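User: Please take a close look at one part of this model. I would like the sheet, what packs on it, and the details around it in one connected answer.

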Amino acid sequence: MKFDIIVIGGGLVGASLVVALKGSGLKIALIESRLPAPLPSDTSWDSRIYAISPGSAAFLQSLGLWQQLEAARITPVYEMKVFGDDGAARLDFSAYDSGLSELAFIAENRQLQTAVWNALANIDENVTIFCPTQCVSLSWHESWVNLQLTDGSMLQAALVVGADGVNSWVRKQAEIEVTQHAYHQVGIVANFSAEIPHYNTAYQWFRRDGVLALLPLPNKRISMVWSANESQAGKLRDLSDEALCRRVAEAANYTLGKLQLVTGPVGFPLNFVHVKTLVKPRLVLIGDAAHGIHPLAGQGVNLGLRDTRELAATLTNRGLQSDCGDYMLLRRYERARKEDILAMEFVTDSLQKLFGSADPILIRLRNVGFEITNRLPLLKNRLMQHALS
């Protein structure tokens, strides 16, 4: 079976690329190992929550995906309050003060996944979905790539897109050099009902034992993301529901009052991943296969969606170049994405290391930095503009 493009990985980033290429005339295969989970029949909340930037929301809307989401389950963020670890330093971001409608939207992973897969079900005949299936082997040739699936099927394409996550199988097959290190932290996520209304405000505390974020959900519900040191994470997961609620409320200085657990805690290890190159002849990496950053800025999924947006534009506007796997064409995509990715990797990794240090000089400097930045509106707006794209 011959295709122009094979996309390996049907998560939000990989699947949205296929939707973005609708009408391009390219023949595309999408490979995904697991069927997407259907939306639950009850009103429960997904523990995996994304902070979608206005730029990403606009992109998803242009694909017809954002409109499919249940509006009552999306929460706009109008303000964000960030606190240092000395009890005094803080940063305040306001959509109103910056002349913006909102800073971000909080949305559930499963709502987004359902929207993109519903779109795939109604896409044109140029798209073939192989799901559920696993990849067995991948081999590159001068003008094509061969991919073998577990059922023995052999697919051929001019370009392979690796969108298969932080432990990318595609990246390993391509022998792309990776620099990575563990943060020795675990991201603990859970949802709560709060005593005090959040007023569409996101909160974040840089603590000596990690970074705690509380993100607004509809009504008085909130989503917690606690990037906790491994020892702390183990203690949090061992707590009873009532004790966990008390612990989180205390860590948040009872800013939202007492808490009641809505969705139980789930943890995932946090790692930094930097790839030496995003492209090789007939190969391109996007999403978590191309970069892994600390969640303290809430920008992981937005970084991946910006990959998708740029790659779709590069492939669609390739002019007279008929070969979508041409290395020089793919280098155009890499040059367009490199600065954004490197900047986000540097900022998140540096902040994690800075606030993870016990050096008293660094402790003072990082909190002074918060105070200075909070007094400089132009600098704050510059920081926001990058995160909003």
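Analyst: Start with Ala249, which is placed in helix α6. This is a predicted model. Ala249 has a relative accessibility of 2%, under the 20% cut-off, so Ala249 counts as buried. Leaving aside residues up to four places away in sequence, Ala249 touches Tyr254, Gly257 and Leu259. Leu259 falls within β16, which spans 259–275.

Now widen the view to the helix. Helix α6 covers residues 241–251. It lies across β12 (178–194), β13, β14, β15 and β16. Against β16, helix α6 runs at about 65°.

Those strands belong to an open sheet of 8 strands. The order is β6-β5-β13-β14-β15-β12-β16-β19. Pairing in this sheet is mixed. The edges are β6 (90–94) and β19 (291–292), and each of them pairs on one side only. In general, strands of a sheet pair through backbone hydrogen bonds, either parallel or antiparallel.

One pairing deserves detail. Strand β13 (residues 201–207) and strand β14 (residues 210–216) pair in the antiparallel sense. Their pairing runs over 5 bridges. Arg207 stands opposite Gly210 in β14. Gly210 also gives a distance back to the helix: its C-alpha atom is separated from that of Ala249 by 15 Å. Along the chain, Ala249 and Gly210 are 39 residues apart.

Next in the sheet order after β14 comes β15. Strand β15 spans residues 221–229 and holds Ser227. Ser227 has a relative accessible area of 2%, so this serine is buried as well. Ser227 touches Gly210, along with Asp209 and Val211. Other contacts of Ser227 are Gln185, Val186 and Gly187. Leu270, His294 and Pro295 complete the list, which leaves out residues up to four places away in sequence.

Last, a helix pair elsewhere in the chain. Helix α7 takes residues 300–316, and helix α8 takes residues 327–356. Their axes come within 9 Å and cross at roughly 160°. That angle is over 145°, so α7 and α8 are roughly antiparallel to each other. The crossing of α7 and α8 is right-handed. On the α7 side, the contact uses Leu303, Arg306, Asp307, Glu310, Leu311, Thr314 and Leu315. On the α8 side, these meet Leu329, Arg332, Tyr333, Ala336, Arg337, Asp340, Ile341 and Met344. The residues of this α7–α8 contact divide into 8 nonpolar, 1 polar and 6 charged.

Notes. Residues are numbered from 1 along each chain as its sequence is written. This is a predicted model: local features need pLDDT of at least 70, side-chain atom pairs count only at pLDDT 80 or more; totals for chains, interfaces and linings use all residues. Side-chain values use heavy atoms; hydrogens and water are left out. Axes are lines fitted to C-alpha atoms, for helices over the stretch in contact, and angles run from 0 to 180 degrees between N-to-C directions. Helices (H or I, at least four residues) and strands (E, at least two) are DSSP runs, numbered from the N terminus. Angles under 35 degrees count as roughly parallel, over 145 as roughly antiparallel, 65 to 115 as roughly perpendicular and the rest as oblique. A crossing is left-handed if the near helix is turned anticlockwise from the far one by less than a right angle, and right-handed if clockwise. Contact means heavy atoms within 4.5 Å. Ala, Val, Leu, Ile, Met, Phe, Trp, Tyr, Cys and Pro count as nonpolar, Asp, Glu, Lys and Arg as charged, and the others, Gly among them, as polar. Buried means under 20% relative accessible area, exposed over 50%, partly exposed in between (1.4 Å probe, protein chains only). Two strands pair if DSSP finds at least two bridges between them.
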